[in-house]
Amino acid sequence: MHGKLLCERLVEMGHNVTIISTNHPEKTEFEERKGIKLYYLQDTTFGSKRGGWKTASTKKFIELGKINHFDIVFSMSASISRGLIAAVRKRKSPLIVISEGPEITFLISEVNQVLYHGSGFRNLTKIFLAFLYYYFFWEFAFRKCDAVITVSREMANTIKKWHFVGKEKIFTVNNCAETNRFYPDQTQRERTRKELAITDKEKVLLFFSSITKQKGAHLLIKALQGILKTNDQVKLMIVGDGDYLSGAKQLVKLLGLETHVIFTGFASREKAPHYINASDIFILPTLRMEGMPFSVLEAMACQKPVIASRIGGIISIIDDGVEGLLIPPGNIPELIKKILFLLNNKNFADKLATNAREKIIQKFSVDNMAEETVKIFESAITRKNE
């Protein structure tokens, strides 16, 4: 999503944008969308040596470079081949990597999850080997590029620590929310609640993310059981898809919560704000070392009070007690406590929500993200020409 929003805004600002991507599901090789030129490389899998990405992406860049001068080459991950790096350097264009977070964050999250649940130890060897593969065969690009843009201070510090990137080469540009799409809308709220048979008296807790154990869906389901002992007019809406979806449904059934949980399935970008507006509190009890989750930004843009784990880039978004509430990752009693507090203190919850919307407009808009990124691009060009 970051890449899509950035490229669209760059075109609106008058820049020419060309994207080299992996295969198109309909085998399309080229198209122009919203002024962006898109080249699709068939029979490739992004970031995969087996998928031919290394060779195909380098070949396409060299081919396009013969007819175009690219002032900046930027990649939305560190999955860049040595051949492509060499081709970019030959043309003397700055190479910039934009990263949500390095592979080490995934490894740490997996280890934390295994330790928390006390199971899954057999998978750690496979996960560790995958980390080594990406670290040595792909993420060397962090050290070879001219600049690294990451989405939060926490991710910037992680890349500095694990990839030995000098602080002069690493920049932070926050993720953003589309405030023209995500905003408080009472009509959306009423229509969606009616579609889902939610009464006016019922309060809705929203989990909107990939449905995985790393994201903490199971923690919120367990917390709901405790909440209902105090307030039985609460429902949990789980929006999304993922490898834990069936597990989440089984847990709901095991705990006897079927009448209090709504599974909507995958939601399109068009439908996403409808579900957010239908809710009363947005919750992300993630165990993962998040970069800067769009779901939190979008909930804040819709003026919802947020409860989220104090982990990764989330602490760069929310000041605890000002725009939302933070909890220790995996702490179900604290999660229950904070949810009940907001349910019982509407004025405070409304204040958090108002502050959240204002912060998104001031610091996390698409315009801010694009303008800050362009400044880094221009600085990289200047340094390259010195």
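Helices, taken as DSSP runs of H or I with at least four residues, and strands, taken as runs of E with at least two, are numbered from the N terminus. On this basis the predicted model contains 16 helices and 13 strands. The radius of gyration of the protein is 22 Å, close to the 21 Å given by the globule rule for 386 residues, so the protein is as compact as a globular protein of that length. The C-alpha trace extends over about 65 × 45 × 40 Å along its principal axes.

Of the 386 residues in the protein, 54% are buried. Among contacts with a separation of 6 or more, 68% are formed by residues 24 or more positions apart. The exposed surface of the protein amounts to about 18500 Å², of which carbon and sulfur atoms supply 51%. With respect to charge, the protein carries 55 positive and 41 negative side chains, and the centres of these two sets lie 5 Å apart.

Helix 16, which comprises the 20 residues 366–385, reaches 29 Å from its first C-alpha to its last, a span close to the 28 Å expected at 1.5 Å a residue. The buried residues in this helix are Val366, Asn368, Met369, Ala370, Thr373, Val374, Ile376, Phe377 and Ala380. The cover over these buried residues of helix 16 includes helix 1 (2–12) and helix 15 (346–363), together with strand 4 (73–75), strand 5 (95–99), strand 6 (147–150) and strand 7 (170–172).

Among the loop residues, Pro285 is situated between strand 11 (281–284) and helix 12 (294–301). Pro285 counts as buried because its relative accessibility is 2%, where the limit for a buried residue is under 20%. When neighbours within four places in sequence are left aside, Pro285 is in contact with Phe207, Lys215, Gly216, Leu219, Leu220, Ser309 and Leu335. The C-alpha atom of Pro285 is also separated by 7.3 Å from that of Ala217, although the two residues are 68 residues apart along the chain.

Two further loop residues, neither of them glycine, have a positive phi: the value is near 60° for Lys92 and near 60° for Ala197. Lys92 lies in the loop between helix 3 (82–90) and strand 5, whereas Ala197 belongs to the loop that runs between helix 8 (186–195) and strand 8 (203–208). Lys92 is classed as exposed because its relative accessible area is 64%, and Ala197 is likewise exposed, with a relative accessible area of 55%, the threshold for this class being over 50%.

Notes
Residues numbered from 1 in each chain as written. Predicted model: local features only at pLDDT ≥ 70, side-chain atom pairs only at ≥ 80, totals over all residues. Heavy atoms only, no water. Rg over C-alpha atoms; globule rule 2.2 N^0.38 Å. Buried < 20%, exposed > 50% of the residue type's maximum accessible area, 1.4 Å probe, protein only. Contact = heavy atoms within 4.5 Å. Areas by Shrake-Rupley, 256 points an atom, 1.4 Å probe, with all protein chains shown as cover. Lys, Arg positive; Asp, Glu negative; His and termini not counted. Charge placed at Lys NZ, Arg CZ, Asp CG, Glu CD. Expected span 1.5 Å × (residues − 1).
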